[in-house]
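Grab a pencil and work through these exercises with the viewer open. Each one sets a task and then walks through a solution.

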Amino acid sequence: MSVSVTEAGCAEHSELYQHPLLEDDPGRSATAEQRRERSAMTRRASAICAGCPEMTPCLYRAVVEHDVAGFVAGTTEPQRRRMRTLLELSVGPDDIDSLTGVSASPHQVNHAEIVRLRAQNPHMSLDTIAQRLGCSLSTVKRHLRRARAEAAGAPARTARRDAAAAPSPDDVLSARALVVRTEPALAA
């Protein structure tokens, strides 16, 4: 089923879903005000997602089919990673260049440069880093995910689960219920 822009809450509220605090969790470097603002934004986005007719298929795609960044289908990236662990599922990042038909990038982005820029400028938005390096936001996020995985000693996540063994939408909803229920409530 195709959703028109007027039906999908995330499309109608792109300023919320694409806000730097919701796109990229600032973590411990966040000020108290930023944490309160992110908490309020997360509650608002969760409410919008809960009322969206596409929430279940959106969640399924974000957990099973694609390694999506940001806040999607009422979940954060860490929540979706925990859901994949519960479902014994591994989803690698999509090769955006291949999907769009680009055979070779005209500009190679240095992985170490992206990691260095982020480490030196933790408060700089990922979009600003992408603009400084002349690459896409997706490229920056992909390299930072890779750096986090390498730092954690995790193996490269490139294997995709066989489609015949893919979890059902109900399995994904059950995993979401477990993950969301076990997390502490967001501070007001």
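## Exercise 1: The buried side of H8

Among the elements covering the buried residues of H8 are H9 and H10. Keep in mind that this is a predicted model.

**Task.** Work out which residues of H8 are buried, and where they sit around the helix axis.

**Solution.**

- Step 1: Walk along H8, residues 111–120, and pick out the buried positions: His111, Ile114, Leu117 and Arg118.
- Step 2: Look down the axis. These residues span an arc of only 135°, so they lie on the same side of H8.
- Step 3: Now turn to the face pointing away from that buried side, where you'll find the exposed residues Ala119 and Gln120.
- Step 4: Finish at the N-terminal end of H8, which is capped by Asn110. One of its side-chain oxygens sits 2.8 Å from the backbone nitrogen of Ala112.

## Exercise 2: H8 against H10

**Task.** Decide how H8 and H10 are oriented to each other, then sort the residues of their contact by class.

**Solution.**

- Step 1: Take the axes. Those of H8 and H10 come within 9 Å, crossing at roughly 85°.
- Step 2: Angles of 65 to 115 degrees count as roughly perpendicular, and H8 and H10 are therefore roughly perpendicular to each other.
- Step 3: List who touches whom. From H8 come His111, Ile114, Val115 and Arg118, and they meet Thr139, Val140, His143, Leu144, Arg146, Ala147 and Glu150 of H10.
- Step 4: Sort them by class, and this contact gives five nonpolar, three polar and three charged residues.
- Step 5: Link back to the first exercise: His111, Ile114 and Arg118 take part in this contact, and they are also among the buried residues of H8.

## Exercise 3: H9 against H10

**Task.** Do the same for H9 and H10: find their crossing angle and say which residues make the contact.

**Solution.**

- Step 1: H9 covers residues 126–133 and H10 covers residues 137–151; their axes come within 8 Å and cross at roughly 110°.
- Step 2: That makes this pair, too, roughly perpendicular.
- Step 3: H9 brings Leu126, Asp127, Ile129 and Ala130 to the contact, while H10 brings Leu137, Val140, Lys141 and Leu144.
- Step 4: By class, the contact of H9 with H10 holds six nonpolar, no polar and two charged residues.
- Step 5: Compare the lists for H10. Val140 and Leu144 touch H9, and both residues turn up in the contact with H8 as well.

## Exercise 4: H5, H6 and the loops

**Task.** Describe how H5 packs on H6, then track down the non-glycine residues Ala73 and Glu88 and say whether each is buried or exposed.

**Solution.**

- Step 1: The axes of H5 (residues 55–65) and H6 come within 9 Å and cross at roughly 70°, so the two helices are roughly perpendicular.
- Step 2: On the H5 side, Leu59, Ala62 and Val63 meet Arg80, Met83 and Arg84 of H6. That splits into four nonpolar, no polar and two charged residues.
- Step 3: In the loop between H5 and H6 sits Ala73. Its phi is near 55°, a positive value in a residue that isn't glycine.
- Step 4: With 4% relative accessibility, Ala73 counts as buried.
- Step 5: Glu88 also has a positive phi, about 55°, without being a glycine. You'll find Glu88 in the loop between H6 and H7.
- Step 6: At 69% relative accessibility, Glu88 counts as exposed.

## Exercise 5: Far in sequence

**Task.** Find how far apart Gln79 and Val179 are, in sequence and in space, and repeat this for Glu65 and Ala166.

**Solution.**

- Step 1: Gln79 is in H6 and, at 8% relative accessibility, counts as buried.
- Step 2: Gln79 and Val179 are 100 residues apart in sequence, with 6.4 Å from C-alpha to C-alpha.
- Step 3: Glu65 belongs to H5 and is partly exposed, at a relative accessible area of 34%.
- Step 4: Between Glu65 and Ala166 there are 9.3 Å, C-alpha to C-alpha, and they are 101 residues apart along the chain.
- Step 5: Zoom out to the whole chain. Among contacts with a separation of 6 or more, 66% join residues 24 or more positions apart.
- Step 6: The chain doing this has eleven helices and zero strands, and 34% of its 188 residues count as buried.

Key
Residues are numbered from 1 along each chain as its sequence is written. This is a predicted model: local features need pLDDT of at least 70, side-chain atom pairs count only at pLDDT 80 or more; totals for chains, interfaces and linings use all residues. Side-chain values use heavy atoms; hydrogens and water are left out. Axes are lines fitted to C-alpha atoms, for helices over the stretch in contact, and angles run from 0 to 180 degrees between N-to-C directions. Helices (H or I, at least four residues) and strands (E, at least two) are DSSP runs, numbered from the N terminus. Angles under 35 degrees count as roughly parallel, over 145 as roughly antiparallel, 65 to 115 as roughly perpendicular and the rest as oblique. Contact means heavy atoms within 4.5 Å. Ala, Val, Leu, Ile, Met, Phe, Trp, Tyr, Cys and Pro count as nonpolar, Asp, Glu, Lys and Arg as charged, and the others, Gly among them, as polar. Buried means under 20% relative accessible area, exposed over 50%, partly exposed in between (1.4 Å probe, protein chains only). The arc is that of the directions from the helix axis to the C-beta atoms. A polar contact is a pair of N or O atoms within 3.5 Å; within protein, one must be able to donate a hydrogen and the other to accept it, and residues adjacent in sequence count only if both atoms are side-chain atoms.
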